[in-house]
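Me: I have a model open here and would like to talk it through with you. Can we start with how its elements are named, then go through a few parts?
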Amino acid sequence: MRHILVRHEQGGGHMAQGYARATGKVGVAWATSGPGATNLVTPVADAFLDSTPMVVVTGQVPTHLIGTDAFQEADTTGIFMPIVKHSFLIQHAEDITRCFREAFHIASTGRPGPVLIDVPKDVAQAEVTFHWPADVDLPGYRPTRHGHPLQVQSAAEAIADAERPVLYVGGGIINAEAHRELLALAEEARVPVVTTLTAKGAFPDSHPLSLQMPGMHGSKYANWALHQADLLIVVGARFDDRVTGKLSAFAPGASVIHMDIDPAEISKNRHADIPIVGELREVLPQLTAALAELRETRPTFTHGAWLDTVEKWRFEYPFRYRRGGDLKPQYVLERFRDLLADRDVIYTTGVDSTRCGRPSGFERTSPGASSRRPGSARWASASPPRSARSSGGPSRSWSTSMATAASR
């Protein structure tokens with residue numbers, strides 16, 4: 001194992017987060033018992049909100065001292081319980097390899113997230129015969145992969161019947177590495193797309209169907225489209241308050257199709273009229289195929305009038321700033337964007353103005369701008385995952401108008 005020594009456990013936890021965001025692999029952080037473990041609470045809570053895959057390994061006092069308020073003892077599993085997908089308190093050395101195998105599986109499958117392994121001192125010092133389990137058998141953990149066919153068909157019919165549909169895409173699309181599937185769905189459905197801060201890059205900003213980011217730091221046309229929509233097609237999003245504002249006033253006339261790997265997210269903040277649980281890389285092609293089949297009998301649903309309206313808003317109210325005089329941060333971001341356009345770059349920003357101003361300055365055409373969610377943000381990062389580096393992402397050549405795209 002390659003070990004990187006840090007000077008504070010919280011920094012180590014955030015480093016593990018950054019590694020996971022940049023590579024798509026599971027980040028790992030280690031800490032001693034008591035105060036070492038509690039110093040990891042902030043990055044673990046952040047990883048939990050961001051669906052970042054992590055395995056956190058903490059020391060614990062010997063098993064016979066647990067519960068006695070021994071030196072540097074803390075109820076680590078109890079403290080971390082609300083902010084991890086699962087916790088292990090290993091009581092026998094023979095269980096170490098099985099628990100590690102299961103921890104990495106849980107952290108990286110379904111909706112990703114952090115997993116805790118708490119290891120008492122006497123367990124860590126014991127000697128056992130090493131055996132690495134070939135398979136993982138967790139009867140109570142079976143993430144749903146495919147969407148229910150009847151729900152998918154209902155969703156396709158709702159899209160065909162809608163007059164003002166909008167694709168509302170969240171960070172789950174990045175975790176699922178389903179950018180190609182999203183692009184295919186948007187083009188088949190002829191639906192405008194808004195991408196939240198954590199979904200930045202999942203859909204090309206240069207695409208004629210892109211309305212870029214919604215919410216308090218988003219575009220006027222994205223927010224107007226959401227407010228006027230009669231159907232929201234929600235993909236891996238959670239109706240965050242930075243997008244919705246007053247939730248009761250958000251898209252008041254819209255029905256909701258909600259697709260997510262985590263059933264707990266569906267109808268949590270906004271009732272879903274058509275819920276679809278499953279992995280987005282599986283569900284989106286199902287819906288695209290259902291729409292293509294439906295189009296054979298109903299070729300008229302192009303949403304052309306709606307796309308013309310949204311295009312008009314986008315033309316009249318673009319992102320803009322005055323050039324000349326003082327140096328503008330928007331200009332600096334645009335210059336970075338242009339100078340680094342053909343390079344494999346990881347961007348990191350601060351919170352507040354840099355995090356919120358970044359979306360308008362950086363036009364993303366490849367998947368993977370992943371950032372911290374505003375709920376716990378200390379900083380934000382934008383990083384291309386392994387899929388972006390291997391595939392190059394969607395083409396930069398989109399230059400037609402939205403209306404032209406709708407007529408194809």
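Reply: Helices here are DSSP runs of H or I with at least four residues, strands are runs of E with at least two, and both are numbered from the N terminus. Please keep in mind that this is a predicted model.

Me: OK, how many helices and strands does the protein have?
Reply: There are 17 helices and eleven strands in the protein, and of its 408 residues, 51% count as buried.

Me: And what share of the contacts comes from residues far along the chain?
Reply: Taking the contacts with a separation of 6 or more, 73% of them are between residues 24 or more positions apart.

Me: Let's go to helix 5. Which of its residues are buried?
Reply: The buried ones in helix 5 are Thr97, Cys99, Phe100, Glu102, Ala103, Ile106 and Ala107.

Me: What do those buried residues pack against?
Reply: They pack against four strands, namely strand 1 (27-31), strand 2 (54-60), strand 3 (86-89) and strand 4 (114-120).

Me: How does the span of helix 5 compare with what one should expect?
Reply: Helix 5 covers residues 96-108, which is 13 residues, so at 1.5 Å a residue it should span 18 Å, and the 19 Å between its end C-alpha atoms agrees with that. Just after the helix, glycine 110 takes a positive phi of about 60°.

Me: Where does phenylalanine 104 sit, then?
Reply: Phenylalanine 104 is in helix 5, and it counts as partly exposed because its relative accessibility is 30%, which lies between the 20% limit for buried and the 50% limit for exposed.

Me: Which residues form the nonpolar patch on the surface?
Reply: Phe104 is one of them, and it is joined there by Met1, Val28 and Trp30, with about 470 Å² of accessible area for the four together. For the protein overall, about 19,400 Å² is exposed, and carbon and sulfur atoms supply 53% of that area.

Me: Switching to strand 8: is it mostly covered or mostly open?
Reply: Strand 8, residues 255-260, is mostly covered, with five of its six residues buried.

Me: Which strands is it joined to?
Reply: Strand 7 (residues 231-235) runs parallel to strand 8 and is joined to it by five bridges, while strand 9 (residues 274-277), also parallel to strand 8, is joined to it by four.

Me: Which residues could I click on to see those pairings?
Reply: For the pairing with strand 7, look at leucine 232, which stands opposite valine 256 of strand 8; for the pairing with strand 9, look at isoleucine 257, whose bridge partner there is isoleucine 274.

Technical notes
Residues numbered from 1 in each chain as written. Predicted model: local features only at pLDDT ≥ 70, side-chain atom pairs only at ≥ 80, totals over all residues. Heavy atoms only, no water. Expected span 1.5 Å × (residues − 1). Buried < 20%, exposed > 50% of the residue type's maximum accessible area, 1.4 Å probe, protein only. Contact = heavy atoms within 4.5 Å. Pairing = 2+ DSSP bridges. Patch = residues over 30% accessible without salt bridge, like charges linked within 9 Å, V, L, I, M, F, W, Y side chains within 5 Å. Areas by Shrake-Rupley, 256 points an atom, 1.4 Å probe, with all protein chains shown as cover. Salt bridge = Lys/Arg side-chain N within 4 Å of Asp/Glu carboxyl O.
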